[in-house]
Amino acid sequence: MKILLLPFIFFFSLLPIANADNFFSQKKGVLKNIKYQDIDWSHSLCSNNGFPSNSEEKWNVRWFEQENIKFLRFRLFNGQVGTALKDNKPYYDNKKKYVGPYWERAEIRTSKTMLKNKSKSYDINLRLRFISGFTSYRETFFVIGNDTKHCSTFNKPSVMLTFQDSVLYLFYALNNRDTNRLTFYPEINVTNIYSKWVNFKLEISPTKFQDIHEGGLDLTLSFEGKKI
């Protein structure tokens, strides 16, 4: 089964260094449950919980077209608390270390069942253009959520693609007992690809069962057509 999502899937940023004065004044999301679809996307996307803002100065998501390319542009401003239920709660990293008072986020998502069948292989293609930013702590632009019940990693994403201190990181859940591990690719620095359209590809395929209770998946990441 092939899955093609272009040119943007998610923008999802955790920037806990922001000012804390929004912590107790989180607003409900705007533009909730708006669907987004383009002719070269395999799936429609939904704003789900909405966005922090749609003001003229600090809008988060809008359609643009340049040189016959239609795309969604995402922006996230310092201090914009996300609109998910837990976004205005303190943020801890994978080692349970306190990082900040809340989560900043602007996000759209597909159906929770898109990658449900673990016996199938999936290709996810992302075409992205980074204009600025992504030079701070764990600024994440793509997530595969984990919606498996009775799993210790239930609230931990299965996969996240992140720039941290400008360098590309891949976070992934090792199995249903351990939280996300990470690997990083210092050769891919976001400041070197500013204003350029670039292509990421995730290939996900089943492998042998690790034990009687859990199935394994092979994950391959490519950048600009080269496996990394």
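A contact here means heavy atoms within 4.5 Å. The model is predicted.

**Exercise 1. Place tyrosine 185 in the fold and list what surrounds it.**

Step 1. Find the secondary structure element. Tyrosine 185 belongs to strand S13, which covers residues 180-189.

Step 2. Classify the burial. The relative accessible area of tyrosine 185 is 10%. The cut-off for buried is under 20%, so tyrosine 185 counts as buried.

Step 3. Collect the contacts, leaving out neighbours within four places in sequence. What remains for tyrosine 185 is Val167, Leu168, Leu170, Leu221 and Ile228.

Step 4. Take one of these partners, leucine 168, and set the two separations side by side. Leucine 168 and tyrosine 185 are 17 residues apart in sequence, and their C-alpha atoms are 5.3 Å apart in space.

**Exercise 2. Describe strand S11: its cover, its pairing and its turn.**

Step 1. Count the buried residues. S11 runs over residues 159-164, and 6 of its 6 residues are buried.

Step 2. Separate the faces. In a regular strand the side chains alternate between the two faces of the sheet. On one side of S11 are Val159, Leu161 and Phe163; on the other are Met160, Thr162 and Gln164. Each of these residues is buried, which leaves both faces of S11 covered.

Step 3. Identify the pairing with S10. Strand S10 (residues 139-144) runs antiparallel to S11, with 5 bridges between them. Within this pairing, valine 143 has methionine 160 of S11 as its bridge partner.

Step 4. Identify the pairing with S12. S11 also pairs with strand S12 (residues 167-173), again in the antiparallel sense, over 6 bridges. Here phenylalanine 163 stands opposite leucine 168 in S12. Leucine 168 is also among the contacts of tyrosine 185.

Step 5. Inspect the connection. S11 and S12 make a hairpin with 2 residues between them. In the turn, aspartate 165 has a positive phi of about 55 degrees.

**Exercise 3. Which residues does the salt-bridge network around arginine 105 join? Trace it pair by pair.**

Step 1. Start from the total. The whole structure holds 5 salt bridges.

Step 2. Recall the principle. Side chains of opposite charge can pair when their charged atoms come close.

Step 3. Take the pair of aspartate 87 and arginine 105. Their closest N and O atoms are 2.5 Å apart, and the two residues form a salt bridge. This pair links distant parts of the chain, 18 residues apart. Aspartate 87 sits in the loop between strand S6 (69-74) and strand S7 (91-92), while arginine 105 sits in the loop between strand S8 (98-100) and strand S9 (122-129).

Step 4. Check the burial of this pair against the cut-off of under 20%. Aspartate 87 has 1% relative accessibility and is therefore buried. Arginine 105 has 13%, so arginine 105 is buried too.

Step 5. Move to the next partner of arginine 105. The side chain of glutamate 107 meets that of arginine 105 in a salt bridge, at 3.3 Å from N to O. The side chain of arginine 105 also makes a polar contact with the side chain of glutamate 107 at 3.3 Å.

Step 6. Extend the chain of pairs from glutamate 107. Arginine 109 and glutamate 107 form a salt bridge, with 2.8 Å between the closest N and O atoms. Glutamate 107 is buried at 11% relative accessible area, whereas arginine 109 is partly exposed at 26%.

Step 7. Combine the pairs. Asp87, Arg105, Glu107 and Arg109 belong to one network, joined by salt bridges that share partners.

**Exercise 4. Summarise the whole chain and state where the confidence is low.**

Step 1. Count the elements. The protein chain has 0 helices and 16 strands.

Step 2. Assess burial and surface. Of the 228 residues in the chain, 43% are buried. The accessible surface comes to about 12800 Å², and carbon and sulfur atoms account for 51% of that surface.

Step 3. Assess the range of contacts. Among contacts between residues at least 6 apart in sequence, 58% join residues at least 24 apart.

Step 4. Read the confidence. The mean pLDDT of the chain is 81, and 76% of the residues reach 70 or more.

Step 5. Locate the weak stretches. Over residues 1-10 the pLDDT stays under 50, yet the model has 56 contacts beyond four places in sequence for them. Residues 12-26 are also below 50, with 52 contacts in the model beyond near neighbours in sequence.

Terms used:
Residues are numbered from 1 along each chain as its sequence is written. This is a predicted model: local features need pLDDT of at least 70, side-chain atom pairs count only at pLDDT 80 or more; totals for chains, interfaces and linings use all residues. Side-chain values use heavy atoms; hydrogens and water are left out. Helices (H or I, at least four residues) and strands (E, at least two) are DSSP runs, numbered from the N terminus. Buried means under 20% relative accessible area, exposed over 50%, partly exposed in between (1.4 Å probe, protein chains only). Accessible areas come from the Shrake-Rupley method with a 1.4 Å probe; for residues, only the protein chains shown count as cover. A salt bridge is a side-chain nitrogen of Lys or Arg within 4 Å of a carboxyl oxygen of Asp or Glu. Two strands pair if DSSP finds at least two bridges between them. pLDDT is the predictor's confidence in each residue, from 0 to 100. A polar contact is a pair of N or O atoms within 3.5 Å; within protein, one must be able to donate a hydrogen and the other to accept it, and residues adjacent in sequence count only if both atoms are side-chain atoms.
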